[in-house]
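Here is a set of exercises to work through with the viewer open beside you. Try each task yourself before reading the solution.

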Amino acid sequence: MNGSNRKRASILVWQLMLAVAFLLAWEWGSRTNVLDRFFFSRPSEVAQRVSQWIVTGSIWRHVLTTFTEAALSFTLGAFGGVLFGFVLARASDLAAVLEPHIRIANSVPRVVLAPIFLLWFGLGIWSKVALGVTVVFFVVFFNAYRGVREADRVIIDNVRMLGASERQLIRHVLIPSALSWIFSSLHVSIGLAIIAVVVGEYLGASSGIGYLIAQAEGVFDTTGVFAGMSVLAIGVLVVGGVVNRLERRLLRWKPGQLDSSEKFT
Amino acid sequence: MADTPTQPAVTLKRVTRRFSTYTAVEDITLDFPAGKFISVVGPSGCGKSTVLSMIAGLLAPTSGVVEIFGEPLKGLNQRASYMFQQDALLPWKTVLENIELGLVIRGKSKFDMLIEASEWIERVGLKGFADHFPYQLSGGMRKRVAMAQCWIVQPDLFLMDEPFSALDVHTRLRMESEILRLWTGSEKTVIFVTHDLEEAISLSDEVFLLSSGPASRVVGRYPIDLSRPRTLIDLKTEPRFHELFRNIWSDLRQEVLSSYERI
């Protein structure tokens, strides 16, 4: 245990050192004019901008918008995905009919939908939520479908022999089996939800981190662009930490759950 | 053998099962006396598991009838528990939750379940492991959980499909003793499928021998007159055990040889 703790600590030190080295090189480069300050800004200025946003409190509105949109698209998309996944996995004829349509729908690049959603749902949060839902839905759907379809035959027979009705079978076997698939894709689907809503904001919005970045770009304010990216990155790290916690709690029955430090968010 | 005129636990009447063109078992007629420990033996791939699945109702016969205590079987066999060869525990449930599953399904009260399940945890020697998940247990311990899971619902008929074949010899001997201990005095009928003749003889009241597949038939029934209770660890040195073994083996040998020829 002690050895692995020490290893973890040394990994953390290396991670921090790498970040510091990168920031120092960047700062040094822009101060010695190796990097053009106009195009690349400076870590110190970015940090200043972020702290200014925090001190004046102007950033919270945008953070709140972006993460509300992401949370909504994840919730709606996951709910729809689970529902569809379950129904189709249990009704194989329906699944066979819908299969090509689902494939086609999934192959549409989401970015091209953004302008259409803007027209349909306006500049507010719902056009972004719609975009996020189209991303999350498919990830969760495929995982739920697989989870139900690939639930262990022997376990199903065992539970049926113990007298389970169809409803009890769903509750004790199919849902847990599908959940384990869905949770293993939680990082991916939440990450995609955030990316989708930021892209949506970037293309047209009145608040949100994507909007902030787009605004800064519009006036060639590279410091603002990097500051927006930094705020987003911090938010994603926090969300990733929460998801890790949740995952470890809910999948504690699985052998060899990866440690958060070994996992890419 | 004192033959009581009681109804057999299971009766197979001219049962045949085909899988598309492959005939697994053909025209089997057999009765399994109630309250006895009966083993079904045969070479690998002879259709023993098919017979057991049909008794469980997991498979329907292509033709013929399966009767359970005189009633023709429709759908799943409600009076039987089934212990699988593979791991059939629910990995997302703890030992306690796995064991009480059958009671949950029957809608027992939380309190009753806890009491009964705790009793079973002790009975199969897993005290202190109630909150463990299956992946944290050894193969032998998982089999103990499976045994308690099947037994807690108090079935009249206990079906076991090579349950210990994946265990090492010593763990296996312990599990065999456990199953005898649980069964003794319970008046339940056990149908135990195995390819291991020694295991079959040491546990059973009677051994049924199936011929090599495809289209497996019944070769013979062999009463095992070893006295009970049996001490399995000493049984294999008894002369009567060897006599029985030689007897049945000469027939089983034939079947094993003919199963080689088909490969």
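The exercises below concern a predicted model, and each one comes with a worked solution.

**Exercise 1. A helix pair in chain A**

Task: Find out at what angle α10 and α11 of chain A pack, and which residues meet there.

Solution:
- Start by locating the two helices: α10(A) covers residues 186-203, and α11(A) covers residues 209-218.
- Next, take the geometry. The axes are 7 Å apart and the angle is about 40 degrees. That makes the pair oblique.
- Then look at the handedness: α10(A) crosses α11(A) in the right-handed sense.
- Now list the partners. From α10(A) come A:V198, A:V199, A:G200, A:E201 and A:Y202, and they meet A:I209, A:G210, A:Y211, A:I213 and A:A214 of α11(A).
- Finally, sort this contact by class: seven residues are nonpolar, two are polar and one is charged.

**Exercise 2. Where the chains touch**

Task: Work out how many residues each chain gives to the contact, and which element of chain A gives the most.

Solution:
- Count by chain: 15 residues come from chain A and 19 residues from chain B.
- On the chain A side, the elements with two or more residues in the contact are α8 (153-161) and α9 (166-184).
- Of the elements on this side, α8(A) gives the most, with six residues.
- By class, the chain A side holds nine nonpolar, four polar and two charged residues.

**Exercise 3. A sheet in chain B**

Task: Put the strands of the four-stranded open sheet in order and name the edge strands.

Solution:
- The order in chain B is β2-β1-β4-β5, and the pairing is antiparallel.
- The edges are β2 (22-33) and β5 (71-72), each of which pairs on one side only.
- Look next at β1(B), residues 8-19: this strand and β2(B) pair over eight bridges, in the antiparallel sense.
- For a landmark, find B:F19, which stands opposite B:Y22 of β2(B).

**Exercise 4. Two covered helices in chain B**

Task: For α1 and α2 of chain B, decide how many residues are buried, and find what the buried residues of α2(B) pack against.

Solution:
- Begin with α1(B), residues 48-56, where eight of nine residues are buried. Among them are B:V51, B:L52, B:M54 and B:I55.
- Just after α1(B) comes B:G57, with a positive phi near 85 degrees.
- Move on to α2(B), residues 95-105, with eight of its 11 residues buried. These include B:L96, B:I99, B:L101 and B:L103, and also B:N98 and B:E100.
- The buried residues of α2(B) pack against α3 (110-123) and α4 (139-151) of chain B and against α9 of chain A.
- α2(B) is followed by B:G107, whose phi is positive, near 70 degrees.

**Exercise 5. Unusual backbone spots**

Task: Are A:S41 and B:R14 buried or exposed? Then find where the cis peptide bond of B:P229 sits.

Solution:
- A:S41 is not a glycine, yet its phi is positive, about 55 degrees. This serine lies in the loop between α2 (37-40) and α3 (43-56) of chain A.
- A:S41 counts as buried because 21 C-beta neighbours lie inside 10 Å.
- B:R14 also has a positive phi, near 45 degrees, but its place is in strand β1 of chain B.
- With 12 other C-beta atoms within 10 Å, B:R14 is exposed.
- The cis bond joins B:R228 to B:P229, with omega about -5 degrees. B:P229 is in the loop between β10 (218-223) and α7 (232-235) of chain B.

Conventions:
Residues are numbered from 1 along each chain as its sequence is written. Chains are lettered from A and ligands numbered from 1 in the order in which they are written. This is a predicted model: local features need pLDDT of at least 70, side-chain atom pairs count only at pLDDT 80 or more; totals for chains, interfaces and linings use all residues. Axes are lines fitted to C-alpha atoms, for helices over the stretch in contact, and angles run from 0 to 180 degrees between N-to-C directions. Angles under 35 degrees count as roughly parallel, over 145 as roughly antiparallel, 65 to 115 as roughly perpendicular and the rest as oblique. A crossing is left-handed if the near helix is turned anticlockwise from the far one by less than a right angle, and right-handed if clockwise. Two residues are in contact if their C-beta atoms, placed from the backbone, lie within 7 Å. Ala, Val, Leu, Ile, Met, Phe, Trp, Tyr, Cys and Pro count as nonpolar, Asp, Glu, Lys and Arg as charged, and the others, Gly among them, as polar. Two strands pair if DSSP finds at least two bridges between them. A residue is buried if 20 or more other C-beta atoms lie within 10 Å of its own, exposed if 12 or fewer, and partly exposed in between; C-beta atoms are placed from the backbone.
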